[in-house]
Every structure is written in structure tokens, then in C-alpha cells.
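Okay, thanks for coming, everyone. Let me put the structure up and walk you through a few spots.

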Amino acid sequence: MNYNFFADAKETFNAAAFVIYGVPFDNTSSFRVGSRWAPDVMRKVSYNFESYISDFDVDLADVPVHDMGNCDTCVDVDGTLEEVYQASKQIVDAGKIPIMMGGEHSLSYPCVKSLAEKKGKIGMVVMDAHCDLRTEYRGVKNNHACVSRHVIDDGLVDDGYVTIGIRSGPREEWEYIRENKDIRAYTSEHVFEKGIIAVLGDADRYLKDCNTIYLSLDMDAIDPSYAPGLGTPEPFGMTPREVRAVIRHFAPRVAAFDLIEITPEYDAGEVTSVIGAKLIRDFIAAKWKSMGH
Ligand code: MN
Ligand code: MN
């Protein structure tokens, strides 16, 4: 079997509605490195699944998906972000839906930027254990722990910023959330107590005027007992089903998606990559269905 591309991603770039690409970069990761290996592992395990997704009556074999392969990377984060920006911009400008497989979370910034430039006004939904609201970390502005702060401060997500599943961050980040009325943050504890349906209803009221959403899934939003292959595992997280509910709920408005922060070397049974690959396939099916197919 040839695992060089994601399962069922057999369309050409020009004819595709969805374009998958990987970014093998993890140089600012603070605890466990290795998310650079995740794109290729997700490609491999994607062949585990049936192409037909019964919940949507969609067969992925009929959906035009292209896999561009892996983006070039540099040793330094800023050079890599420029490469990712060019890749994302090419996809977005062609009117296609990019799906970026990380790699670490810093890689989301250029993807958000290219979408905001194309659409004018966008909102962002992030699932993450961490706030990622530092202005800099370990002397690096574009550290993976800072991505959300930069997209907010740079005005890229003026139509709303929602984060779901957070449970870890220094006091300053929590104070920033409390003081910043323009963002909505739902802790994993809140999801547990109120239920994901209620959380999504509340988020919808906040995002009611937002037509275009950038969706970012830091896999450590999921509890490490389900998803152990993570760079910064944080207990008491969301279930894979809750995360899938968020993806399905917002899919009609999502114009770009990324799935980042899986570390295959810590992933016994490749279970985290299996969940990641499945969620990418589920997003494609949900989005395709919402486009009237
Ligand atoms: Mn993150
Ligand atoms: Mn995280």
C-alpha cells in the first residue's frame, strides 16, 4: 500500500474542493517534541477506515480531496510560518478548503492569516487544553504557546474568538480571558457540567453574525486517556465524541481546518493519530454534506 497521501485524497489540486497538507515542524515545542511525524502517521492510519460515512450518507471516495504532501520547513519558526503561509494562501485563493496537519500549534497563525486576508472578516474556534494566550514564551514570539494571542492581537479574528476545552495556563492568561469581553472561553469542566450541546448553543449566540470560521483542533483538548500521543498532555479533557460534535456543529461555516500537536512517539497503538485521521475524515464528510451533496 502506498501511504504517501491521505486515504481517498486522489483528486488533482485543480479539481479538488478540499486540500490536505502536512507540516512536519515542532521546533518550539516545550515538553515532548515529535509532532513533526504526525502528518505521515495520520496518512498511514487513514487507510484503516471505510470510505463511506453513514452518519452523513457521504462516501469519501466521491468527494474531491487532494493531498499536497508536506510543506517545506526551516529550522527557525518564522521561516517555516512563511512556507505555511504560501501553501495556505495558494489553497484559499483558489477557493478550496485547506486542511493542515501539524506539527505544532504555532503553524495555525499563517493559515488564519491567509483566510482572513481572503474573506475580510472571520471568526475562530479553537479546541485546546491550553489558552495559548502568551505574548511570547521562552524568548520566541511565535512559540506554539502564543498562537491565539497573536491572532487576536493582530485583528485576524474580528468576528469572534471561541476556545473550548481549556484547563491549563498561568494566572495572567486566565485574567486576560476574564478581562477580554471579545473572547469566549469554555473550560473542559464547563463542558462536563453543562454538556457540549449547551456549550455549542451559547457559542452560536456569540458567533451569530460570523459566517466564516477558522477551526483549529489542538489534540490535547482531548483527555490523554483517549489520546496519549500529545506534546503537552493535560488530564481531565474532552472526549473524542465531544470534539467531533464541535467539528460537526461548525462544519457548515468552517472555511479552513487544522489538526495539530500529535506526537506519534508517545502514541501507543497510534490511537491518537487514528482519532485525528478519523476527525479529519468526519470534517470532510460533514462539510461536504453541508455544501448540498
Ligand atoms: Mn495549542
Ligand atoms: Mn494545547
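Before we start, one term: when I say buried, I'm talking about a relative accessible area under 20%. And keep in mind that this is a predicted model.

So, let's go to the metal site. Which residues hold the manganese ion (ligand 2)? On the protein side, the donors are Asp128 (OD), His130 (ND1), Asp218 (OD), and then Asp220, which is listed twice, both times through OD. They lie 2.1 to 2.4 Å from the ion. If you trace these donors along the chain, you get the spacing D-x1-H-x87-D-x1-D.

Asp128 has a second job here: it bridges the manganese ion (ligand 2) and the manganese ion (ligand 1), and those two ions are 3.3 Å apart. Asp128 and His130 are both buried.

Next stop, Thr212. You'll find it in the loop between α7 (196-206) and β9 (213-218). Is Thr212 buried or exposed? Its relative accessible area is 13%, so Thr212 counts as buried. If we skip neighbours within four places in sequence, Thr212 is in contact with several residues, including Leu115, Lys119, Ile122 and Arg253.

Last one: Ser273, over in helix α9, residues 271-290. Here the relative accessible area is 0%, so Ser273 is buried too. What does Ser273 touch, not counting residues up to four places away in sequence? That would be Val41, Met42, Val45, Ile262 and Asp267. And for a sense of distance, Ser273 and Trp174 are 99 residues apart in sequence and 30 Å apart in space, C-alpha to C-alpha.

Definitions and conventions:
Residues numbered from 1 in each chain as written. Chains lettered and ligands numbered in written order. Predicted model: local features only at pLDDT ≥ 70, side-chain atom pairs only at ≥ 80, totals over all residues. Heavy atoms only, no water. Donors = N, O, S within 2.8 Å, 3.2 Å for Na, K, Ca; no water. Buried < 20%, exposed > 50% of the residue type's maximum accessible area, 1.4 Å probe, protein only. Helix = DSSP H or I, 4+ residues; strand = E, 2+ residues; numbered from the N terminus. Contact = heavy atoms within 4.5 Å.
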